[in-house]
Amino acid sequence: MYVTPDHLLARFSALNHEVFADALPPIRLLCGRGRQRVGCFRVKRLRNAITRRVVEQRSITITAAYDFTPEQIDDLLLHEMIHYYLHHMGVRDMSTHGSCFQNIMADINRKFGRHITVHATLTQEQCADAAERRHTVYIVAKVLLNDGRIAVKSLPRVREKIEHFKQEALHWDIVKHVELYATSNPYFSRYPRSSAMKLQLPVDPAEFEKALADALALDL
(Lines give C-alpha, C1' and ligand atoms only; values in the text may rest on other atoms or scores of the structure.)
Protein backbone atom coordinates (compact mmCIF):
# COMPACT_ATOMS: atom_id res chain seq x y z
CA MET A 1 0.00 0.00 0.00
CA TYR A 2 1.05 3.58 -0.60
CA VAL A 3 0.96 5.68 2.53
CA THR A 4 -1.66 8.44 2.80
CA PRO A 5 -2.04 11.32 5.30
CA ASP A 6 -5.16 9.72 6.80
CA HIS A 7 -3.37 6.41 7.32
CA LEU A 8 -0.39 8.13 8.95
CA LEU A 9 -2.67 10.04 11.31
CA ALA A 10 -4.55 6.89 12.35
CA ARG A 11 -1.37 4.84 12.86
CA PHE A 12 0.42 7.63 14.74
CA SER A 13 -2.49 7.86 17.17
CA ALA A 14 -2.64 4.07 17.65
CA LEU A 15 1.13 3.58 18.04
CA ASN A 16 1.46 6.59 20.32
CA HIS A 17 -1.11 5.02 22.63
CA GLU A 18 0.17 1.43 22.39
CA VAL A 19 3.93 1.99 22.42
CA PHE A 20 4.54 5.44 23.92
CA ALA A 21 1.61 5.59 26.39
CA ASP A 22 0.35 8.78 24.68
CA ALA A 23 3.55 10.64 25.62
CA LEU A 24 3.87 12.33 22.21
CA PRO A 25 1.87 15.48 21.42
CA PRO A 26 0.18 15.74 18.00
CA ILE A 27 2.65 16.44 15.20
CA ARG A 28 2.46 17.43 11.56
CA LEU A 29 2.41 14.24 9.46
CA LEU A 30 3.44 14.42 5.81
CA CYS A 31 3.69 12.08 2.83
CA GLY A 32 6.85 12.65 0.82
CA ARG A 33 7.86 11.61 -2.68
CA GLY A 34 11.59 11.01 -2.16
CA ARG A 35 13.21 7.64 -2.81
CA GLN A 36 16.51 8.23 -1.04
CA ARG A 37 15.06 8.96 2.40
CA VAL A 38 12.02 6.88 3.34
CA GLY A 39 11.34 8.69 6.61
CA CYS A 40 12.32 11.89 8.39
CA PHE A 41 11.69 13.63 11.72
CA ARG A 42 12.31 17.34 11.30
CA VAL A 43 12.39 20.34 13.62
CA LYS A 44 12.25 23.89 12.27
CA ARG A 45 12.79 26.79 14.64
CA LEU A 46 10.82 29.89 13.68
CA ARG A 47 11.12 33.31 15.32
CA ASN A 48 7.99 35.41 15.73
CA ALA A 49 8.64 38.75 14.03
CA ILE A 50 6.75 40.66 16.76
CA THR A 51 7.44 38.83 20.02
CA ARG A 52 10.85 37.50 18.88
CA ARG A 53 9.89 34.23 20.57
CA VAL A 54 11.29 31.09 18.95
CA VAL A 55 8.70 28.40 18.18
CA GLU A 56 9.44 24.87 17.06
CA GLN A 57 7.61 23.39 14.09
CA ARG A 58 7.92 19.60 14.20
CA SER A 59 7.01 17.14 11.46
CA ILE A 60 7.33 13.49 10.49
CA THR A 61 7.48 12.56 6.82
CA ILE A 62 7.09 9.06 5.37
CA THR A 63 7.63 8.62 1.64
CA ALA A 64 4.74 7.57 -0.59
CA ALA A 65 7.13 6.53 -3.36
CA TYR A 66 7.15 2.86 -2.36
CA ASP A 67 4.50 0.16 -2.13
CA PHE A 68 4.96 -0.79 1.54
CA THR A 69 3.25 -3.45 3.61
CA PRO A 70 1.22 -2.07 6.56
CA GLU A 71 3.86 -3.54 8.88
CA GLN A 72 6.65 -1.69 7.08
CA ILE A 73 4.78 1.59 7.38
CA ASP A 74 4.33 1.03 11.12
CA ASP A 75 8.04 0.25 11.55
CA LEU A 76 9.07 3.33 9.56
CA LEU A 77 6.69 5.51 11.54
CA LEU A 78 7.92 4.06 14.84
CA HIS A 79 11.51 4.79 13.79
CA GLU A 80 10.66 8.48 13.36
CA MET A 81 8.54 8.48 16.53
CA ILE A 82 11.60 7.35 18.50
CA HIS A 83 13.47 10.40 17.18
CA TYR A 84 10.47 12.52 18.15
CA TYR A 85 10.30 10.95 21.62
CA LEU A 86 13.99 11.63 22.33
CA HIS A 87 13.62 15.23 21.16
CA HIS A 88 10.41 15.75 23.14
CA MET A 89 12.01 14.34 26.31
CA GLY A 90 15.11 16.49 25.85
CA VAL A 91 17.46 13.51 25.49
CA ARG A 92 20.74 14.24 23.74
CA ASP A 93 22.09 11.15 22.00
CA MET A 94 25.72 10.62 20.99
CA SER A 95 24.72 10.50 17.30
CA THR A 96 21.62 10.35 15.09
CA HIS A 97 21.17 6.66 15.86
CA GLY A 98 23.21 6.50 19.05
CA SER A 99 22.84 4.25 22.07
CA CYS A 100 19.70 5.99 23.37
CA PHE A 101 17.92 5.51 20.06
CA GLN A 102 19.05 1.91 19.66
CA ASN A 103 18.09 0.95 23.23
CA ILE A 104 14.54 2.22 22.72
CA MET A 105 14.37 0.57 19.29
CA ALA A 106 15.48 -2.80 20.71
CA ASP A 107 13.02 -2.49 23.59
CA ILE A 108 10.07 -1.80 21.26
CA ASN A 109 11.09 -4.64 18.92
CA ARG A 110 11.24 -7.05 21.84
CA LYS A 111 8.05 -5.98 23.62
CA PHE A 112 5.83 -5.45 20.59
CA GLY A 113 7.26 -7.86 18.02
CA ARG A 114 8.29 -5.06 15.71
CA HIS A 115 11.13 -5.02 13.16
CA ILE A 116 12.40 -1.44 13.42
CA THR A 117 15.89 -0.96 11.99
CA VAL A 118 18.37 1.90 11.80
CA HIS A 119 18.33 1.76 7.99
CA ALA A 120 15.25 0.68 6.03
CA THR A 121 15.55 -2.36 3.76
CA LEU A 122 13.59 -2.39 0.52
CA THR A 123 12.96 -5.33 -1.79
CA GLN A 124 14.04 -5.29 -5.44
CA GLU A 125 10.37 -5.34 -6.41
CA GLN A 126 9.65 -2.22 -4.33
CA CYS A 127 12.60 -0.36 -5.85
CA ALA A 128 11.67 -1.39 -9.40
CA ASP A 129 8.04 -0.37 -8.86
CA ALA A 130 9.07 3.02 -7.47
CA ALA A 131 11.44 3.62 -10.40
CA GLU A 132 8.67 2.83 -12.88
CA ARG A 133 6.11 5.02 -11.11
CA ARG A 134 8.54 7.92 -10.87
CA HIS A 135 8.48 8.40 -14.61
CA THR A 136 4.69 8.56 -14.72
CA VAL A 137 3.98 10.83 -11.75
CA TYR A 138 2.18 14.03 -12.61
CA ILE A 139 2.20 17.07 -10.37
CA VAL A 140 -1.17 18.71 -10.87
CA ALA A 141 -2.39 22.09 -9.72
CA LYS A 142 -6.16 22.31 -9.30
CA VAL A 143 -6.97 26.00 -9.50
CA LEU A 144 -10.35 27.23 -8.29
CA LEU A 145 -11.33 30.46 -10.03
CA ASN A 146 -13.47 33.20 -8.51
CA ASP A 147 -16.28 32.51 -11.00
CA GLY A 148 -16.57 28.91 -9.76
CA ARG A 149 -14.77 27.25 -12.64
CA ILE A 150 -11.81 24.90 -12.14
CA ALA A 151 -8.59 25.22 -14.11
CA VAL A 152 -5.69 22.78 -14.26
CA LYS A 153 -1.93 23.01 -14.61
CA SER A 154 0.60 20.15 -15.00
CA LEU A 155 3.88 21.16 -13.36
CA PRO A 156 7.49 19.91 -13.43
CA ARG A 157 8.56 17.67 -10.54
CA VAL A 158 10.72 20.41 -9.06
CA ARG A 159 9.73 21.75 -5.64
CA GLU A 160 10.92 25.31 -6.28
CA LYS A 161 8.91 25.56 -9.52
CA ILE A 162 5.82 24.08 -7.89
CA GLU A 163 5.98 26.52 -4.99
CA HIS A 164 6.67 29.43 -7.35
CA PHE A 165 3.62 28.61 -9.48
CA LYS A 166 1.33 28.40 -6.45
CA GLN A 167 2.58 31.67 -4.98
CA GLU A 168 2.25 33.53 -8.29
CA ALA A 169 -1.16 32.06 -9.11
CA LEU A 170 -2.58 33.14 -5.74
CA HIS A 171 -1.70 36.75 -6.63
CA TRP A 172 -3.97 36.65 -9.69
CA ASP A 173 -7.31 38.42 -9.25
CA ILE A 174 -9.16 35.56 -10.94
CA VAL A 175 -7.78 32.86 -8.61
CA LYS A 176 -9.49 31.94 -5.34
CA HIS A 177 -7.57 28.83 -4.25
CA VAL A 178 -4.83 26.43 -5.44
CA GLU A 179 -4.54 22.74 -4.52
CA LEU A 180 -1.56 20.56 -5.45
CA TYR A 181 -1.62 16.82 -6.12
CA ALA A 182 0.66 13.99 -7.22
CA THR A 183 -0.90 11.27 -9.34
CA SER A 184 0.00 8.48 -11.76
CA ASN A 185 -3.34 8.60 -13.55
CA PRO A 186 -2.65 8.61 -17.32
CA TYR A 187 -5.56 11.04 -17.75
CA PHE A 188 -3.14 13.87 -16.97
CA SER A 189 -0.80 13.04 -19.85
CA ARG A 190 -3.05 15.22 -22.02
CA TYR A 191 -1.85 18.37 -20.21
CA PRO A 192 1.58 19.68 -21.26
CA ARG A 193 4.02 19.84 -18.36
CA SER A 194 5.64 23.26 -17.89
CA SER A 195 6.31 25.99 -15.36
CA ALA A 196 4.75 28.70 -17.55
CA MET A 197 2.05 30.73 -15.81
CA LYS A 198 -0.76 29.43 -18.01
CA LEU A 199 -3.93 27.56 -17.10
CA GLN A 200 -6.21 25.17 -18.97
CA LEU A 201 -9.87 24.45 -18.46
CA PRO A 202 -10.70 20.72 -18.46
CA VAL A 203 -13.02 19.71 -21.29
CA ASP A 204 -15.07 17.60 -18.86
CA PRO A 205 -14.82 18.86 -15.25
CA ALA A 206 -16.51 15.70 -13.92
CA GLU A 207 -13.92 13.49 -15.64
CA PHE A 208 -11.16 15.68 -14.22
CA GLU A 209 -12.47 15.34 -10.66
CA LYS A 210 -12.81 11.56 -11.06
CA ALA A 211 -9.21 11.28 -12.31
CA LEU A 212 -8.03 13.27 -9.29
CA ALA A 213 -10.00 11.21 -6.76
CA ASP A 214 -7.11 8.87 -5.80
CA ALA A 215 -4.34 11.48 -6.08
CA LEU A 216 -2.00 12.34 -3.20
CA ALA A 217 -2.56 15.85 -1.84
CA LEU A 218 0.68 17.83 -1.49
CA ASP A 219 1.19 20.23 1.40
CA LEU A 220 3.45 22.85 -0.20
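How many bridges join β2 to β3, and in which sense do these strands run? In the predicted model examined here, β2 and β3 run antiparallel and are joined by 9 bridges. Within this pairing, L46 has V55 of β3 as its bridge partner. The hairpin of β2 and β3 has 6 residues between the strands, and R52 in this hairpin takes a positive phi near 65°.

The two strands belong to an open sheet of 3 strands, arranged in the order β1-β3-β2, in which the pairing is mixed. The edge strands of this sheet are β1, covering residues 28–32, and β2, covering residues 39–47, each of which pairs on one side only. On average, and with direction ignored, neighbouring strands of the sheet are turned by 30° against each other. In contrast to the antiparallel arrangement of β2 and β3, the strands β1 and β3 pair in the parallel sense, over 5 bridges. In general, the strands of a sheet pair through backbone hydrogen bonds, and they do so in either a parallel or an antiparallel manner. Along the pairing with β3, L29 stands opposite I60, while the bridge partner of L30 in β3 is T61.

Helices α1 and α2 both pack on this sheet. Helix α1, formed by residues 5–18, touches β1 and β3, and its direction makes about 135° with that of β1. Helix α2, formed by residues 70–88, touches β2 and β3, and its direction makes about 165° with that of β3. The length of α2 can be compared with expectation: at 1.5 Å a residue, its 19 residues should span 27 Å, and the end C-alpha atoms of α2 are 26 Å apart, which agrees. Just after α2, G90 takes a positive phi of about 75°.

Strand β3, which comprises residues 54–63, also contains S59. Is S59 buried or exposed? Because its relative accessibility is 10%, and the limit for a buried residue is under 20%, S59 counts as buried. When neighbours within four places in sequence are left aside, the residues in contact with S59 are I27, R28, L30, C40, F41 and R42.

The two helices that pack on the sheet also pack on each other. The angle between α1 and α2 is about 65°, and their axes are 10 Å apart; α1 passes α2 in a right-handed crossing. From α1, the contact is made by H7, L8, R11, F12, L15 and N16, and from α2 by I73, D74, L77, L78, M81 and Y84. For F12, once neighbours within four places in sequence are left aside, the contacts are L24, P25, P26, I27, L29, I60, L77, M81 and Y84.

F12 also appears in the description of the nonpolar interior. The largest nonpolar core has 47 residues, and those with the most contacts inside it are F12, F20, I60, L78, M81, I82 and V143. To this core α2 gives the most, with 8 residues. Another core, of 11 residues, lies apart from it and has F188, F208, A211 and L212 among its members. In soluble globular proteins, nonpolar side chains tend to be buried together.

Attention turns next to the loop between α1 and β1, in which both A21 and D22 are found. A21 has a positive phi of about 55° although it is not a glycine, and the phi of D22, likewise a residue other than glycine, is positive and near 60°. As a rule, most residues other than glycine have a negative phi. With a relative accessible area of 63%, A21 is exposed, since the limit for an exposed residue is over 50%. D22, with a relative accessible area of 46%, is partly exposed.

Elsewhere in the chain, V158 lies in the loop between β5, which covers residues 150–155, and α5, which covers residues 159–169. The relative accessibility of V158 is 33%, so that this residue counts as partly exposed. Although V158 and S195 are 37 residues apart along the chain, their C-alpha atoms are separated by 9.5 Å.

How values were computed
Residues numbered from 1 in each chain as written. Predicted model: local features only at pLDDT ≥ 70, side-chain atom pairs only at ≥ 80, totals over all residues. Heavy atoms only, no water. Helix = DSSP H or I, 4+ residues; strand = E, 2+ residues; numbered from the N terminus. Buried < 20%, exposed > 50% of the residue type's maximum accessible area, 1.4 Å probe, protein only. Contact = heavy atoms within 4.5 Å. Pairing = 2+ DSSP bridges. Axes fitted to C-alpha atoms, helices over the stretch in contact; angles between N-to-C directions. Expected span 1.5 Å × (residues − 1). Core = buried A, V, L, I, M, F, W, Y, C linked by side-chain atoms within 4.5 Å. Left-handed = near helix turned anticlockwise from the far one by under 90°.
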